[in-house]
Structure formats: C-alpha cells, structure tokens
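Please take a moment to look over the sequence and the model before reading on. The paragraphs below are meant to be read with both in view.

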Amino acid sequence: MFRSADDVRGLEQAPGHWLRADVIAWPVGQLPPDADPAALDWRLLWSADDHIDPTASEPLPWGSAMLTPDARGLPQELAARFPHLRNHLCLRVPAEAVAEAREILRCQVAVSAHRPSGRLAAAGQLQLPGVIDELYSSAAEAALGTTWYYGSPTLRLWAPTAREVALLLWPAGTVLSDQPVRHRMIPDDDGSWAVTGDPGWRGARYRFEVTVYTPQYRRVVVNQVTDPYAQSLTVNSTHAVLVDVADPALAPGGWARSVAPRLADPVDQVIYELHLRDFSISDATVPEELRGSLLAPTVDSAGMAHLRRLAEAGLNTVQLLPLFDNATVEEHPELQVRPPWEHLKQLPPDSPEQQRHVNSTGGRSGFNWGYDPWHYFAPEGSFSATLASADGAGRVAEFRAMVGAFHDAGLRVVLDQVFNHTASSGQDNKSVLDRIVPGYYHRLTDTGAVETSTCCPNVATEHLMAQKLMVDACVFWARTYRVDGFRFDLMGHHSRANMLAVRAALDALTIEVDGVDGRAITMYGEGWNFGEVADNARFVQASQGQLGGTGIATFSDRLRDAVRGGSVWDGDPRGQGFGTGLLTADNGSGMNGDEHAQGERLAWYTDLVQLGLAGTLRSFRFGSNSRHAEVRGDDLDYGGRPAGYADEPGDVVSYVDAHDNETLFDALTLKLHPATPMSARVRMNTVCLALATLGQSPVMWHAGTDILRSKSLDRNSYDSGDWFNYLDFTMTDNGFAAGLPPERDNAAAWHVLAPLLADARLKPEPEDIRRAHAQALDLLRLRSSTRLFRLGTAERVLAKVSFPVANSWHQLPGVVVMAIDDTTDPVDERWSGLLAVFNATPWLVRQGLPRDVSDFQLHPVQANGSDDLVRTCDVGTDWVTVPERTAAVFVRPR
C-alpha cells in the first residue's frame, strides 16, 4: 500500500528485499500511483547508527549509492527462488556498493526514491536474508555450537551482521551472580565467530555477548544471549552449559546396549503419541521423585507394563511430544504450583471451578505440550528427575536412559520437532535467534513484521541457515540419542527442499561412524496448507500431495474427519460421521440435518473411509457411493482439494485422534446420542480405531485411546495442566467428568458440555476400560498378523484391494466391506484372501456380497480374542453377518 512522505520518513517498515549483492526488489505498490519508477532517483542508504532521514538533502552524513531500475524485472533465478516477489521492481546495485555489502549489512539499511523535483516518493528499510544467504553461503558447512578436540572445546556462533561477539564464561564451580570471564571471539569469512578454550572449560556456563544493529529498535544493541546450538542448559535456560556428549559418563549402559526394533517397511509403523509427563505424573507405581521425568520409563510401572502389552500385540513406536527445551514450563520444582487435587475431586463433574484452579497456576503447573521452542538441541529441563540433573549434563544422560528403556520395551522412539516457529522473536528475553541475527531467521510480512500464522513467530526455514539449524538439530538428536524418527509440527510451513535436506543428512548416518543407521529413521508430519506459504506462495511446500517419492509421510485429515464427523473447527462439536452414528443413530442435536442430508453426507464419508483404508492413494479406483460411479482417489473431493493425494500407502499416516482436539472417547461422547449405552460406546471406540488400524498406511493412536482416555471434553489441552491431561494406566479412571474444560478454548460450547459431564451414565467403569483395551489389543494383533494389511506399495494395493459392495445394491449405510485378494503374487503364505467388514450401525447386518465367500472364516485373532460378540459372525455362500458396532475380519485359508 502506498504511504505518503510523512508516513515513510521514519522508516518504520521494511517493504524492500535485498536479494543478491547486486539486486534489490521493491514493491510497486509502495510507489505513488502517478510515479514512473524509471524517472525516480533511487538510492541505497546505510548508516552505522540510526539517523537516516530519507528526506535529507546532500551531502548526506551516511552511506549512499545510486540504484538503477531494471525494466526487465527480477532475474529469472531470483524470481524462481522468491516467487512471492516476482512482480517487484528490480533495482540494480552499483559495483562499489556490492564490494561494501558485508559492511553495509552491519548497518541500518534503507532505500529511498525521489521525484525529479526532489520530493520523496518512497522509502523503507530492507529485508536482508536473501543477500545474507548469498554472501555467507559457506556457513552452511560450518560446525556451529560446541565441538571438542582432545578435551578442549571450540565454540562457534553464526552472526554475520554483528559488529563484535564475545564469550561470557562462568567456570564450573562459580555462581552465576559472579562476573563472567570475557573472551573475545574471532570472526570468520563465513559470518561465524569462534573461540577455543581448554579442558578446564568443561561444565562451564556461558552466554554470548553480541553487538548488533536491530531493526526493531533501529539502533545498535548489546545482547547477552544463550547459544542456539546449546546442548544443555542451566535451570530455566538462563545460560548454556558446556557439555561433551561423547563423555562415557553420559552414556547409561542400558542405552548403549539397547537396540530399537527395525521396520521391514515404513507402512509397518504403529505409533503411540505420548506426552512424557502424562505418562507417569499420576502413576502411583512410579517412585514419586521420578514421576513426570525422563527416568520414569526406566522403572517397572503400570505405564511400562501397558506399553509392553501394546508392543507385544503389534505397537512398535512411541512418538513423544516435544522434549527439546521450551520457553513455557517452569523448570524449578520448588517454583511449580500444583492445584489442590483432593479438593478438585470433590467438586461437581460439570463445575467450572476445576478449570479456574488449573488456570490460577499462572503457567507454573509444570505442564505444557511444549510447542514453544527455545533451544532446539537441548532436552527440556522440567523433565529432569532432579534439580541437579536439570542444571547441566545430567539431562543428557537421563534422556539417553529414557530412549534405552523404550527400546528395551520393543518400541522405537520418534521425537516431535517444531521448526516452524519459535516462542519469541525480536528483543524479547526468550528470543535467541533474532537477537543474534536480527531479521534473518523469521519469515516476514510484506512490510517487515514477523509472520505468526503458526500462532507464534514463524521460522523462515527457506533461509539457508534456518534450514541448517533444522538439519543439524535432527542429525544431532539421531546421532547423540539414537532416536528412530521425527514428527514435524506444521510441516507444510517448511519447503519440500527443507525436508529433503533433512532426509539426505539422516541417510548419510551410518552405524560404523555415527552409531545409527540414518536410512532407518522415519520422517512424517503435519502437511497442512495454510498461512502466508499456502499454495506454494513462497516455495514448494512439504504439504499433502507434494512429498511423493520422498519417503516422508503426512497425517491424513480425510479419514479422521470421515470417521469422527464434522470438522475440528466446528463451533458445535456434535457433527456425526461414519464412526459416530451419522444417519444410523442420530444424536438428536438437530445439527446433522434431515435424513436425506445425512444420507448424502454418509455416502461421501463412506467414500473417504474406503479411500483411507486403501492408503489415500490418488490412483486408487473404486465405486463411489456419493458420485455413483467409479472414481479415482484424486477425483473425490475433500474441501475443494483431491481426497486422494498419496503416491504410495506410506505417504500417509492414518489416525482418528491425536493430542490436538478432543480425544476419541470425548468425540464419541459429544457425537453419540446421550442415551447410547456404555457397552456400545466401547464398541464404537474399537470400530473407529479399526478404521485407522486396518488400513494400508502407517497408523497413529493417541496415548490412552485404547483405554477410553478423556480430557473432560477439552478440545485443546496444551496448557490444561495434569488435571485435564490425566492418564491412568491402571484402567481405573479414564479422566471423564473432571469439570468443565478450560474456558480459554471451550467456553462457547460449555452449554453443550455441561449436561454431558453431569450425566453419570457417560462415565465408564473400570471393566469398560479394560474391555476397550482388550479389544484394542486385538486390533493390533490383527494388523501385525498379516502383510495383507501392510502391502507396502501402491502397485500391490491397486492389484489386491477392493470394496466389492461400494456403489451397488449390496451397499448398506454405515457399513464398509474391504476385500484383499492374495491369490496371485502372494504376500501371505497362510491366507489367499481377506475380507474386513466394518459395521458402524447399531444393528446386526447381513451383508450380501457379489462373490462366493463360503470358504472364508473368522480371523483366528478374533475367533480366540477378547470380544464374545464378534465370534457370533456367520459366513454364507454370498453373505456374512456381522453384529452391531463391530469390525470383523474374515480370512480364506490357502
């Protein structure tokens, strides 16, 4: 938007982009409508201090260089690298300014445009990441952070625009209130600054002192900051700590000897998404001093016994919510505040008082999901077992012990990574990156403000050194802790190139050199498409449908929404889906429409379920119940985009609940009719899980979904404390009816939630929870029993998987029939075919089939399993009967 001369005089905004040493891009919209760019006097201005006045007349007391408009526009290479700037004006920088570019970047930098009359037409500061990446590209090969050589550390910080950098060192044994020892750091041509110490520095606390110009304050500041590559920290992250992670003392024997289960194929992943604090904070079988800590998995407990049962049945991966250092949780145990649990237990189940007590802790509860990154290379201190281990190297050893314990339980360890944003930016005291290289690490708006579409300051991983941080961190966690995979939060805010860079770096790791086979490390994430990067606005995103052939998967919202019903964004959460009674068991809320509307929507949901079971493949062809024709997966609509987007079944992770939004039990509570018996709710929980678990893609379960976990209907429990995030592996209390969930994200629905929370019929008894768990174990056994549920390639899925009753007179509302034919090119030596029937209706169905199925029988897992009702299934010549709310699997012996 054009601004008048009075508006631009102060250079408050940064609409221009210095993309290459010889090219600046300027938005046409910043010029007056009557201005001819070619007729203006363009200038590059720079000042070591903030006193540039773009209206000043010559002689100027600051640096200045004439810029030349290039009518040809941006060079093709730059237009390709910065597609959102392709229509900007191209201003050519003269050779003398190009030669001084490195020094200019340490200053306030601006552009002005004057009319022939001398009147100011436009002015503004410049965004600098493009030219920084060009001039300091060699830094991508630098070993940043701390490296050790014969016991002596070298510390290296990348700060190309800094004027001076010093290391402030507090030797081990000193107190942080003492004056630090100051060591001058030496600049390198790649923009980094380095200093080498001696063996006596081990265990020292340190900060960097960076003298740098910051556009936020428009002056030179002296910032004391922690190391963005810090491998350990003091309590509450006030200082980094010098730790040699190769020290044998930090390698617990159990971790060093442990071996993670190896996947035969990425589609074999069965993932349990778990918050580490939830895992043990309420587990009385864990020693009190270890509850909520990294060491809780190292002891025998109800939680570990539960995970071992799941692993024995077929679970093979635990995905841990963020464990890197976060900016929110109070790490000092004596400063944490715990609500009065015994009092909360006495309050009514629909009371608002519980959430008031939880909120009153003011962020000091010790709980948070942790999606607010502060330091990407260091474990979060609040998970340390003791105050002493939180203060330095102890957290490294404890983290390794945790990984070893999960490996010993037969579980791979996947870490949740959050490179799309930081907790803070600018000069905030919890901002690190932006106080070292101001304006570089974060993605900026058209006027130079920090983008926040992720909810927090967005990291611009399209910038060279932001990508390097992302790659280096993943390699560090893999090599240092031997983790087995990474889940990427809001991965669609990263580029495909970012993800391929991480993949290539991991693939280069070997057992011989690094102690880990990087090719076995799995990668997947949230491929959502939104924000300033949506629709590839700034780069080709790592979003759904754009990662084919990379081996990097995305979560599928298609199956999730079809099973649950409605959308996670619905104001009224009672919208029903295939697995929650749409049409076949109306919940009486009135929001699902009449019978015709429900039937149309159920037909579409049924299509989405079928496609999800077939790996969400874009090339999969099947009979569409909503289109009444045979369609390809990418012909089916999902919110204006193709429903089928995967090239291979491993490109997708299927799920029906996660840490975000309501748990599956809570979704069923909201969406089923309140009069639905608990026994039916347990069965629907199993049917919903079956729709994700028995498909061709990797599957993820939210921790506790197998035991009816509730968060008292909380739709966003990121800061809802231990009270609403309760997880009970003794299977006594599922957490339901713990009071109205926090007003922050739930108040608009309290009128819907309160009657449900007050209804005693909706609180499961321990036997209900145990029954749900037993049925969930059978689902895992079914999946692991045969490769027919895990064919592994699109070619096999297309050849073997079908939905024989879809779009035919045999199709029953609320029923899906999946057939897998293994007569040719067999993958299972025992069975030549498989038939899975998912009956989400409240009645027994006699499902007709267009083929002879008389030689099929109930799968042995279910014939000998925990569910008496599924054993009543019957098989006829061309039909099967399946009882209400049941997922049944039939097999044909060879």
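What follows is a walk through a sheet, some helices and a few single residues.

This is a predicted model, in which local features need pLDDT of at least 70 and side-chain atom pairs count only at pLDDT 80 or more, while totals for chains, interfaces and linings use all residues. Residues are numbered from 1 along each chain as its sequence is written, and side-chain values use heavy atoms, with hydrogens and water left out. Helices (H or I, at least four residues) and strands (E, at least two) are DSSP runs, numbered from the N terminus.

We can begin with a sheet. Eight strands form an open sheet in the order β29-β24-β23-β22-β21-β18-β17-β30, with parallel pairing. The strands β29 (652-653) and β30 (699-702) stand at its edges, and because each has a single partner strand, one side of each is left without a neighbour in the sheet. Two strands are said to pair if DSSP finds at least two bridges between them. Strand β17 (residues 270-274) pairs with β30 in the parallel sense over four bridges, and in this pairing H702 of β30 is the bridge partner of E273. Another parallel pair is formed by β21 (residues 412-417) and β22 (residues 485-488), again over four bridges, and here L415 has F486 in β22 as its bridge partner.

In a regular strand the side chains alternate between the two faces of the sheet. The edge strand β30 can be read in this light: V699 and W701 point one way, M700 and H702 point the other way, and all are buried. Buried means under 20% relative accessible area, exposed means over 50%, and partly exposed is in between (1.4 Å probe, protein chains only).

The helices come next. Helix α12 (residues 394-408) lies across β18 (317-320) and β21, and runs at about 130° to β21. Such angles run from 0 to 180 degrees between N-to-C directions, and the axes are lines fitted to C-alpha atoms, for helices over the stretch in contact. Two packed helices are described by the angle between their axes and the distance between the axes. For helix α8 (residues 302-313) and helix α24 (residues 766-785), the angle is about 35° and the axes are 8 Å apart. Their contact (heavy atoms within 4.5 Å) is made by H306, R309, L310 and A313 on the side of α8, and by H773, L777, L780, R781 and S784 on the side of α24.

How does the length of helix α18 (residues 595-613) agree with what its 19 residues should span? The expected span of a helix is 1.5 Å times one less than its number of residues; for α18 this gives 27 Å, and its end C-alpha atoms are 26 Å apart, which agrees. Before the helix, D594 caps the N-terminal end, with a side-chain oxygen 3.2 Å from the backbone nitrogen of H596, and after the helix comes G615, whose phi is positive, near 85°. The buried residues of α18, among them L602, Y605 and V609, pack against α17 (557-564), β25 (621-624), β27 (637-638), α20, β32 (815-821) and β33 (831-839). Helix α20 (residues 678-693) is itself mostly covered, as 15 of its 16 residues are buried.

Some single residues also deserve a look. N223 lies in strand β15 (residues 219-225) and, at 3% relative accessibility, counts as buried. The side chain of N223 makes a polar contact with the side chain of Q427 at 2.8 Å, and also reaches the backbone oxygen of R435 at 3.0 Å. A polar contact is a pair of N or O atoms within 3.5 Å; within protein, one must be able to donate a hydrogen and the other to accept it, and residues adjacent in sequence count only if both atoms are side-chain atoms.

Most residues other than glycine have a negative phi, and most peptide bonds are trans. With that in mind, note that C455 has a positive phi of about 105° although it is not a glycine, and that L490 has a positive phi near 45°. Is each of them buried or exposed? C455, in the loop between α13 (433-436) and α14 (464-481), counts as exposed at 58% relative accessibility, whereas L490, in the loop between β22 and α15 (496-507), counts as buried at 12%. Finally, a cis peptide bond, with omega about 0°, joins E58 and P59, and P59 is found in the loop between β3 (41-47) and β4 (63-70).
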